[in-house]
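Me: I have a model open on my screen and would like to understand the words people use to describe it. Could you take me through them?

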Amino acid sequence: MGVTKSWIYTGGFLVLASSHHHHHHHHKHSTLKQQNLLSEHHHCLLWPPSDTAAVFTGGHRRRISWTVVCGVMLFVLGLISFLTGHVASDLEWCSHRLVVERRLWKKKVNQFKDAQVDIWESKFSKSYYGCSERSPNYATRTNQLISNGYLLIAASGGLNQQRTGITDAVVVARILNATLVIPELDHHSYWKDDSDFADIFDVDWFISFLAKDVPVVKRVPEKFMRSLEKPPYMMRVPRKSEPQFYLDEVLPILMKRRVLQLTKFDYRLASDLDEELQRMRCRVNYHALRFTKPIQNLGQKIVMEMRKMAPRFIAVHLRFEPDMLAFSGCYYGGGDKERTDLGEIRKRWTTLPETSPDGERKRGKCPLTPNEVGLMLRALGFENNTYLYVASGEIYGGEETLKPLRELFPNLYTKEMLANEELKPFLPYSSRLAAIDYIVCDESDVFVTNNNGNMAKILAGRRRYMGHKRTIRPNAKKLNALFLKREKLPWESFAKKLKAAQQGFLGEPDEMKTGRGEFHEYPSTCICKKPFKFSNLDRNYHNQTLTRSPESESEYGRNEEDQGVHNVQNIEYEGLIEIQGGPSLEEKDGVDFLVD
């Protein structure tokens, strides 16, 4: 005899019932007593029904296996336990991770704040080099006799703005399979400089250096011009046009008219191009555009004068002329006189919108004052006995404006102070003066700017290409808020906060990211990294490894084009190829932007 247990389902509740086995295999309950719900054989009630009467009067009963019910209950309880435990575990893990990451972030920030950064040179700079060589599959230029026509370029703005236009003009000529005529410089910008291309750049070098890229001539042949039925067609392309636009819209006109002039040609080509065209940009900007001998010689003379006084020096491009301040729409505390002076100059740009001086400053659009530049340099760690070369035009407010910077750095010099007599032939020509400043700024150990204009961008790109020489550009948006609190902060706290704000604005190699900013500022395609060599770790035993030329370590291999370009770089360092640049006026479809 045995006892069988089972769960009985009545539709409203489950009960555990038992029955005795005698000689029969199964025994079924026939009735349920409503008074106690079960006979004397009942054992438990899982939950009480709310409609018990209805259940027992007309409901059908089903017996559910004890094993199944226990299994379901155990599964449900286990699932609940697992889920609640898993969620709690996940929450605990996420919370722990957030705490750890926050601690690591704070530790990293504090390490940067406390770290002794070499303010004169990046310790990673020697791991990179400029690489603008042509690829093995690069097609040499089409013969001039079968080109699609002559391309004339009218550059726009000041020297550095025109420099970007000249660089892009060579690339456009390549895209169009055209013969480029030496570009015409702008004689009608704010500076009214009558200099031609040949007065600033070495024309013969420009033509010969680009011989494998595009055919370049000094002028359209007279015989060809006389054969034309109509004068050269003139047009202006939209800013930052893609190569396909030139093929679709410009090439048909060139092939039909044979001579085409593109006007106000500055920033008329897209920044993001394919690798071959980007490297051509670098060959033009950093190698083909070489200054004339008189400009080179005077620029190098000033550099030598600075080197005689100090083994290393800082060059500050101080763009604080009246036109720049007027264009920026910023206010510098000069009262009604400043508002009147700059307001009259600002009327020159009829399409400029009304701006809020405070709003522009908060957005980081205002050039730093000479005093702010000095505070930034001192906070970064430069001592007051550091030698400064100031590259600038007419400073608004004159010597009084420059006085705070001179007090912070008494060893302050300008080109007028170092080459007074030799400078006189250049004084009527702002672009040539800008070129001289460009040479000194490029040769300096540290280059600092108070703005984000054309010269600042072009020089920043060139210094990256030439070995990531230290280039400090203000993080104006963060510095503005910091300068407003200057009087309330102890110097140590101010300096620490400024160093943190300038992280990413010191010209380090890791600031170079593909697609960041304009290509002239961040020429990432033309920056190569040297392969790591264990032999470099032992400098004493393997000293010869430190003198290897960049091309021997190029990740692109030992091809002839590598060696050719780097030979040009070596010649350049010997003084046969010099540096370029100067202030500029950026035009934007009816609006001239004074950004340099």
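Me: How many helices and strands does the secondary structure of the protein come to?

Reply: Happy to help! Keep in mind that this is a predicted model. Its secondary structure comes to 21 helices and 18 strands. Of the 596 residues, 48% count as buried. The accessible surface comes to about 30,900 Å², and 54% of that belongs to carbon and sulfur atoms.

Me: What share of the contacts between residues at least 6 apart in sequence join residues at least 24 apart?

Reply: That share is 77%. A contact here means heavy atoms within 4.5 Å.

Me: Let's take one residue. What makes Thr292 count as buried or exposed?

Reply: The cut-off for buried is under 20% relative accessible area. Thr292 has 13% relative accessibility, so Thr292 counts as buried. Thr292 sits in the loop between helix H8 (275-288) and helix H9 (293-309). Beyond its neighbours within four places in sequence, Thr292 is in contact with Ala198, Asp199, Ile200, Phe201 and Asp202.

Me: Why is helix H13 described as largely enclosed by the rest of the structure?

Reply: Helix H13 covers residues 370-380, and nine of its eleven residues are buried, so the description fits. The buried ones are Pro370, Glu372, Val373, Gly374, Leu375, Met376, Leu377, Ala379 and Leu380. Just after H13 comes Gly381, with a positive phi near 120 degrees.

Me: Now the helix pairs. Why are H3 and H8 called oblique to each other?

Reply: Helix H3 (residues 159-176) and H8 pack at an angle of about 135 degrees, with their axes 9 Å apart. Angles under 35 degrees count as roughly parallel, over 145 as roughly antiparallel, and 65 to 115 as roughly perpendicular, with the rest oblique. H3 and H8 are therefore oblique. Their crossing is right-handed. On the H3 side, the residues that meet H8 are Arg163, Thr167, Asp168, Val170, Val171, Arg174 and Ile175, and their partners in H8 are Leu277, Met280, Arg281, Val284 and Asn285.

Me: And what makes H8 and H18 roughly perpendicular?

Reply: H8 and helix H18 (residues 454-465) pack at about 95 degrees, and their axes are 11 Å apart. The range for roughly perpendicular is 65 to 115 degrees, and H8 and H18 therefore earn that name. Here Cys282, Asn285, Tyr286 and His287 of H8 meet Ile458, Gly461, Arg462 and Tyr465 of H18.

Me: On to the sheets. Why are E8 and E9 said to stand at the edges?

Reply: These strands belong to an open sheet of five strands with parallel pairing, in the order E8-E7-E6-E10-E9. Strand E8 (216-217) and strand E9 (233-235) each have a single partner strand, so one side of each is left without a neighbour in the sheet.

Me: How do you know that E6 and E7 pair?

Reply: Two strands pair if at least two bridges are found between them. Strand E6 (residues 150-153) and strand E7 (residues 179-181) have two bridges, in the parallel sense. Tyr150 stands opposite Thr179 in E7.

Me: Which helices lie across this sheet?

Reply: H3 lies across E6, E7 and strand E10 (259-262), running at about 160 degrees to E6. Helix H7 (residues 243-257) lies across E6, E9 and E10, at about 135 degrees to E10.

Me: What is the order of the strands E11 to E15 in their open sheet, and why are E13 and E15 edge strands?

Reply: The order is E13-E12-E11-E14-E15, with parallel pairing. Strand E13 (412-413) and strand E15 (471-472) have a single partner strand each, so one side of each lacks a neighbour in the sheet. Helix H17 (residues 430-443) packs on the sheet and touches E11, strand E12 (388-391) and E14, with a direction about 145 degrees from that of E12.

Me: How do you know that E11 pairs with both E12 and E14?

Reply: The test asks for at least two bridges. E11 (residues 314-317) and E14 (residues 446-449) pair over four bridges, and E11 and E12 also pair over four bridges. Ala315 stands opposite Tyr389 in E12 and opposite Phe447 in E14, while Val316 stands opposite Val448 in E14.

Me: Which way do the residues of E11 point?

Reply: Ile314 and Val316 point one way, Ala315 and His317 the other, and all are buried. In a regular strand the side chains alternate between the two faces of the sheet.

Technical notes: Residues numbered from 1 in each chain as written. Predicted model: local features only at pLDDT ≥ 70, side-chain atom pairs only at ≥ 80, totals over all residues. Heavy atoms only, no water. Buried < 20%, exposed > 50% of the residue type's maximum accessible area, 1.4 Å probe, protein only. Axes fitted to C-alpha atoms, helices over the stretch in contact; angles between N-to-C directions. Areas by Shrake-Rupley, 256 points an atom, 1.4 Å probe, with all protein chains shown as cover. Left-handed = near helix turned anticlockwise from the far one by under 90°.
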